[in-house]
Amino acid sequence: MNKIHIPVLLREMLSLLSPKNGGIYVDATFGSGGYSKAILDSADCKIYAIDRDETVIEFYNKLSTEYQGKVELFIDKFSNMKNYLDIKDVDGIVFDLGVSSMQIDQGERGFSFMYNGPLDMRMDKFSHINASTFVNQLYEKEIANIIYDYSGERHSRRIARAIVSARQKKHINTTFELAEIIRSVVFRGKSKIDPATRTFQAIRIWVNDELGELEKGIKAAFELLNKGGRLIIISFHSLEDRIVKRFFQDSESIFPKKFSLLSKKVIKVSEQEVNENPRSRSAKLRAIERVL
Ligand SMILES: C[S@@+](CC[C@H](N)C(=O)[O-])C[C@H]1O[C@@H](n2cnc3c(N)ncnc32)[C@H](O)[C@@H]1O
């Protein structure tokens, strides 16, 4: 069995969601089910869980045996949730964005430059484009722009040039090859961060259309929420957080009576949580409630 993902900001998520008996909740990013389990432990409720990665089924099977009839899983993108969730009155929806530890730590999924693997990075197998498409097929300018736009990498042009020059000699096949190409043109200096970090993040966002997914997912969630229903979103980088913040602020002006922020300020991870789980470092939580 895969190693389990440590849920981030779990206590904060639960206290803002405040699950109630008889409630209906959507866990839009099931992963290894850490959030779903915590919600089911805190109230006698029903959960519709979603994940685009079919490998989460092993965790779902375990949870659904423990909580018979209380949890149902859909393998799909959360942007499609309105198509198959035949429900309207949802009391709470939770998004815990990005990738899970299981995905990062399986070298063969190609998410990490720490492990050698194929250039894949797809969260699901439905898509025909992957990290190899990005590296081996896009124009140099597209590569540079996407790396810059999705990660703020200052050396995006230099990296794009190096990728195109390397692929003219030989098809780029693995995460280690790509990481070496990036390191050959970006000097690490005293930074603790590997020069490949930002580029890998940008490619992952592009491959999975993560920002488009988030926008569509939030819109769907707004429509499904019951009066009094709550939407909690945990994001992991500034591009995601900016989208969440904008939607939450605009929702108040577009539907002045309908939604209200549950916390005016963004909620960040405590020092203790970062020490216990360094991967939680950049997490930010925002929450909103439908009031009318
Ligand atoms: C950070 S993990 C969630 C961990 C989960 N909260 C837990 O406690 O185990 C993110 C999960 O969301 C899934 N995911 C990311 N984007 C998605 C999308 N657009 N639609 C459906 N699932 C998505 C990923 O496949 C991954 O399993």
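Colleague: Does T174 count as buried or exposed?
Modeller: This is a predicted model numbered from 1 along each chain as its sequence is written, where local features need pLDDT of at least 70, side-chain atom pairs count only at pLDDT 80 or more, and totals for chains, interfaces and linings use all residues. Side-chain values use heavy atoms, leaving out hydrogens and water. Buried means under 20% relative accessible area, exposed over 50%, and partly exposed in between (1.4 Å probe, protein chains only). T174 has a relative accessibility of 19%, so T174 counts as buried.

Colleague: Where along the chain is T174 found?
Modeller: Helices (H or I, at least four residues) and strands (E, at least two) are DSSP runs, numbered from the N terminus. T174 belongs to neither of the two helices around it, α8 (156-169) and α9 (175-185), but to the loop between α8 and α9.

Colleague: With which residues is T174 in contact, leaving aside its neighbours within four places in sequence?
Modeller: Contact here means heavy atoms within 4.5 Å. One partner also makes a polar contact, as the side chains of T174 and N116 are joined at 3.4 Å. A polar contact is a pair of N or O atoms within 3.5 Å; within protein, one must be able to donate a hydrogen and the other to accept it, and residues adjacent in sequence count only if both atoms are side-chain atoms. With neighbours within four places set aside, the contacts of T174 are N116, G117 and L119.

Colleague: Which residue has its backbone nitrogen 3.1 Å from a polar atom of the side chain of T174?
Modeller: This residue also forms a salt bridge with K170, at 3.2 Å between the closest N and O atoms. Its salt-bridge partner K170 is partly exposed at 45%, and its own relative accessible area is 27%. The backbone nitrogen 3.1 Å from that side chain is the one of E177.

Colleague: How many salt bridges does the rule count?
Modeller: The rule asks for a side-chain nitrogen of Lys or Arg within 4 Å of a carboxyl oxygen of Asp or Glu. Some of these links are joined up, with E180, R183, R188 and D194 forming a network of salt bridges. By this rule, the count of salt bridges comes to 20.

Colleague: How many residues apart are R52 and D124?
Modeller: The side chains of R52 and D124 meet in a salt bridge, at 2.6 Å from N to O. R52 is buried at 12% relative accessibility, and D124 is buried with a relative accessible area of 3%. R52 is in the loop between β2 (46-51) and α3 (57-66) while D124 is in the loop between α5 and α6, so the pair links distant parts of the chain, and the separation is 72 residues.

Colleague: Which strands hold R230 and E289?
Modeller: R230 forms a salt bridge with E289, whose closest N and O atoms are 3.6 Å apart. Both R230 and E289 are buried. The pair ties together parts 59 residues apart in sequence, because R230 lies in strand β5 (residues 225-235) and E289 in strand β8 (residues 284-290).

Colleague: What is the phi of M121, which is not a glycine?
Modeller: Most residues other than glycine have a negative phi. M121 sits in the loop between α5 (101-105) and α6 (131-137) and is buried, at 0% relative accessibility. The phi of M121 is positive, at about 70°.

Colleague: And what is the phi of L9, also not a glycine?
Modeller: L9 lies in the segment before α1 (10-17). The relative accessible area of L9 is 0%, so L9 is buried. The phi of L9 is positive, at about 50°.

Colleague: How far apart are the centres of domain 1 and domain 2?
Modeller: Domain bounds come from an automatic or database domain assignment. For this chain, the assignment gives domain 1 (10-102 + 210-290) and domain 2 (128-207). Taken over C-alpha atoms, the centres of domain 1 and domain 2 are separated by 31 Å.

Colleague: What area is buried between domain 1 and domain 2?
Modeller: Buried area is the accessible area (1.4 Å probe) that two parts lose on being put together, summed over both. Carbon and sulfur atoms give 56% of it, and the total between domain 1 and domain 2 is about 520 Å².

Colleague: Which three residues supply 70% of the area that domain 1 buries against domain 2?
Modeller: Across this interface the rule finds 1 salt bridge. The side chains of E210 and R204 meet in a salt bridge at 2.8 Å, N to O. The three residues supplying that 70%, more than any other three, are E210, H237 and L239.
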